[in-house]
Amino acid sequence: MVGLRDRALIGVMVFTFARVSAACGLNVADIFHQQRRLWVRLHEKGCKFNEMPCHHTLEGYLAEYIERARLAAAGRAPLFQAIRYRAYGRGEAVLNGVRLHRTNAWTMVRGRARAAGITTEVCNHTFRGTGITAYLENGGTLEKARQMAVHASTRTAQLYDRREDRGHA
């Protein structure tokens with residue numbers, strides 16, 4: 001369960017360019033169907049709402065996590081919850097109903113990166129750059145990336161463009 005939660009959380013940050021606080025702030029009801037697509041409603045800083053359709057990969061991550069965690073009918077419950085370990089049995093990790101805090105998400109991201117053999121420093125903000133760069137590499141526009149990331153200007157969105165670092169600019 002924890003692996004599915006972590007994959008879905010990282011997916012939200014990569015595919016929507018969401019800040020970690022917006023991703024951790026999602027409720028189950030913020031994931032909804034519209035026109036045969038799964039959508040996400042992010043509550044960004046400055047009391048801004050950002051609704052967008054999910055990339056098909058993210059749609060799969062969220063659908064599997066919500067189904068396996070039995071959250072479909074949870075409505076206003078936090079989508080990404082902290083975990084507790086059951087005292088009996090094998091110490092199974094279960095969601096505890098409490099919203100995952102962004103600092104705990106950062107700890108999770110660092111642990112997942114280490115486990116994947118990534119030696120460079122990684123943080124929650126890394127996923128905004130990764131997502132924006134991949135979006136631009138695949139033909140997306142800087143203006144649309146700015147809108148998705150809820151940046152005030154394209155200059156801010158440009159700071160996340162890592163194509164030159166990858167040799168694709």
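## The loop between S1 and S2

Arg 36 sits in the loop that runs between S1 and S2, and in this predicted model its phi is positive, at about 60°, although the residue is not a glycine. Gln 35 belongs to the loop between strand S1, residues 31-34, and S2, and its phi, near 50°, is likewise a positive value in a residue other than glycine. As a background to these two angles, most residues other than glycine have a negative phi.

Are these two loop residues buried or exposed? Arg 36 counts as exposed because its relative accessibility is 82%, and exposed means over 50%. Gln 35 is also exposed, since its relative accessible area is 68%, again to be read against the limit of over 50%.

## The chain as a whole

The protein chain contains 8 helices and 5 strands, and when it is read along the sequence these elements follow the pattern α-α-β-β-β-α-β-β-α-α-α-α-α. The chain has 169 residues, of which 41% count as buried. Among its contacts with a separation of 6 or more, 52% are between residues 24 or more positions apart.

## The nonpolar core

In soluble globular proteins, nonpolar side chains tend to be buried together. Here the largest nonpolar core has 42 residues, and those with the most contacts inside this core are Leu 9, Val 12, Leu 62, Tyr 65, Leu 79 and Phe 80. At least two residues of the core are supplied by each of H1, helix H2 (20-24), strand S2 (37-44), helix H3 (56-68), helix H4 (102-115), H5 and H6, and the largest share, 7 residues, comes from H1.

What does Val 12 touch, leaving aside its neighbours within four places in sequence? Val 12 is in contact with Phe 17, Ala 18, Ala 23 and Leu 26, and also with Leu 42, Leu 58, Leu 62 and Phe 80. Leu 62 and Phe 80 are thus found both in this list of contacts and among the core residues named above.

## The largest pocket

The largest pocket holds about 330 Å³ of space. Its lining is made up of 17 residues, and Phe 15, Phe 17, His 55, Tyr 135 and Met 148 are those that lie nearest the centre of the pocket. Two or more lining residues are given by each of helix H1 (2-16), strand S3 (48-53), helix H5 (126-137) and helix H6 (142-149), and S3 gives the most, with 4 residues. When the lining is sorted by class, 9 of its residues are nonpolar, 5 are polar and 3 are charged.

## Two buried residues with polar contacts

Asp 6 lies in helix H1, and Asp 6 counts as buried because its relative accessibility is 4%, where buried means under 20%. The side chain of Asp 6 is joined to that of Arg 5 by a polar contact of 2.8 Å. When residues up to four places away in sequence are not counted, Asp 6 touches Met 108 and Arg 112.

Gln 81 is found in strand S4, which spans residues 81-85, and Gln 81 is buried, as its relative accessible area is 5%. Which backbone atom does the side chain of Gln 81 reach? The side chain of Gln 81 comes to 2.8 Å from the backbone nitrogen of Gly 97. Gly 97 is also one of the residues that Gln 81 touches when those up to four places away in sequence are not counted, and the list further includes Arg 5, Tyr 65, Leu 71, Leu 95, Asn 96, Val 98, Arg 99 and Leu 100. Arg 5 is therefore a residue that joins Asp 6 through a side-chain polar contact and that is also touched by Gln 81, and both statements rest on contact defined as heavy atoms within 4.5 Å or a pair of N or O atoms within 3.5 Å.

## Two pairs of positions

Thr 107 has its place in helix H4 and counts as partly exposed, because its relative accessibility is 44%. Thr 107 and Cys 123 are 16 residues apart in sequence, while their C-alpha atoms are 8.7 Å apart in space.

Glu 164 is placed in helix H8, residues 163-166, and Glu 164 is exposed, with a relative accessible area of 67%. The C-alpha atoms of Glu 164 and Thr 133 are separated by 9.7 Å, and these two residues are 31 residues apart along the chain.

Terms used: Residues numbered from 1 in each chain as written. Predicted model: local features only at pLDDT ≥ 70, side-chain atom pairs only at ≥ 80, totals over all residues. Heavy atoms only, no water. 1 Å grid on protein atoms, 1.4 Å probe; cavity = no way out; pocket = protein on both sides within 12 Å on 5 of 7 lines; lining within 4 Å. Points joined across faces, edges and corners; volume = space filled by probe spheres on them. Nonpolar A, V, L, I, M, F, W, Y, C, P; charged D, E, K, R; others polar. Buried < 20%, exposed > 50% of the residue type's maximum accessible area, 1.4 Å probe, protein only. Polar contact = N/O pair within 3.5 Å; in protein donor to acceptor, adjacent residues only side chain to side chain. Core = buried A, V, L, I, M, F, W, Y, C linked by side-chain atoms within 4.5 Å.
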